[in-house]
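Here are some notes to read beside the model, set out as numbered points. Please keep the sequence and the structure in view as you go through them.

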Amino acid sequence: MKMKQELIKIIYESPGIIKRKFRIMIMIFILMILLAGTMFLYYHNPKEGLNLACMINFLTGYYCPGCGAGRACYMLLHGQIYQAFRYNPLLIILLPWLIVYYAACGIQWLHYGKERVSIHIPEQIPIVILVVFLIYGIVRNIEVYPFILLAPTGV
């Protein structure tokens with residue numbers, strides 16, 4: 001028990017707030033993982049070799065809101081924005097917002113030890129995003145002209 005308390009004193013500066021040097025180490029570790037994943041995706045085309053199958057698509061034959069996201073990110077890393085948009089338009093639209101949100105949260109956590117960005121987001125926003133994802137998942141499976149464009153396809 002005494003060893004646990006000593007370890008808590010080493011890691012935490014106050015209850016719930018990790019010391020700055022540990023926050024920096026954690027952030028470096030997270031950024032290294034993101035860089036490694038990005039490099040892996042850059043050099044390994046999801047259409048060739050390692051192709052992670054969507055279980056929803058495999059079991060039902062319908063596209064989920066995330067179908068085509070891996071291929072879209074691969075194309076985005078290679079500068080093919082239109083092709084990335086064709087694989088998953090919703091991801092390409094939301095990606096800049098997600099990057100800004102997670103960067104703001106990470107910088108705040110790194111600087112203050114707490115993340116306060118989420119507190120200022122109205123509670124309706126996550127609900128709206130969830131509804132948009134559900135509608136997008138339904139609409140991209142309608143096999144009529146304007147909706148068929150939402151299915152993940154190559155150009």
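1. A residue is called exposed when its relative accessible area is over 50%, buried when that area is under 20%, and partly exposed in between. Please bear in mind throughout that the model discussed here is a predicted one.

2. With those cut-offs in hand, M32 can be placed: its relative accessibility is 54%, and because exposed means over 50%, M32 counts as exposed. M32 belongs to helix 2, and its C-alpha atom is separated by 24 Å from that of G66, although the two residues are 34 residues apart along the chain.

3. Is I30 exposed or partly exposed? This residue, which is found in helix 2, spanning residues 20-43, has a relative accessible area of 38%, so I30 is partly exposed. I30 also takes part in a nonpolar patch on the surface, which is formed together with I26, F29, L31, I33 and L34, and the accessible area of these residues together is about 570 Å².

4. G37 is another residue that lies in helix 2, and its relative accessibility of 39% makes G37 partly exposed. Between the C-alpha atoms of G37 and Y102 there is a separation of 16 Å, while along the chain these residues are 65 residues apart.

5. The next point concerns empty space, for which a general remark may help: rolling a probe the size of a water molecule over the atoms shows where such space is left. In this model, the largest pocket holds about 680 Å³ of space. Two or more residues of its lining are given by each of helix 2, helix 4 (69-77) and helix 6 (89-112).

6. Which residues lie nearest the centre of the largest pocket? They are L34, T38, L98, I99 and Y102, out of 20 residues that line the pocket. L34 has already appeared above as a member of the nonpolar surface patch. Helix 6 supplies the largest share of the lining, namely 9 residues, and when the lining is sorted by class, there are 16 nonpolar, 3 polar and 1 charged residues.

7. Finally, please look at Q5, whose place is in helix 1, residues 2-11. Q5 has a relative accessibility of 47%, and therefore counts as partly exposed. Measuring from C-alpha to C-alpha, Q5 and R140 are 53 Å apart in space, and they are 135 residues apart in sequence.

Definitions and conventions. Residues numbered from 1 in each chain as written. Predicted model: local features only at pLDDT ≥ 70, side-chain atom pairs only at ≥ 80, totals over all residues. Heavy atoms only, no water. Patch = residues over 30% accessible without salt bridge, like charges linked within 9 Å, V, L, I, M, F, W, Y side chains within 5 Å. Areas by Shrake-Rupley, 256 points an atom, 1.4 Å probe, with all protein chains shown as cover. Salt bridge = Lys/Arg side-chain N within 4 Å of Asp/Glu carboxyl O. Helix = DSSP H or I, 4+ residues; strand = E, 2+ residues; numbered from the N terminus. Buried < 20%, exposed > 50% of the residue type's maximum accessible area, 1.4 Å probe, protein only. 1 Å grid on protein atoms, 1.4 Å probe; cavity = no way out; pocket = protein on both sides within 12 Å on 5 of 7 lines; lining within 4 Å. Points joined across faces, edges and corners; volume = space filled by probe spheres on them. Nonpolar A, V, L, I, M, F, W, Y, C, P; charged D, E, K, R; others polar.
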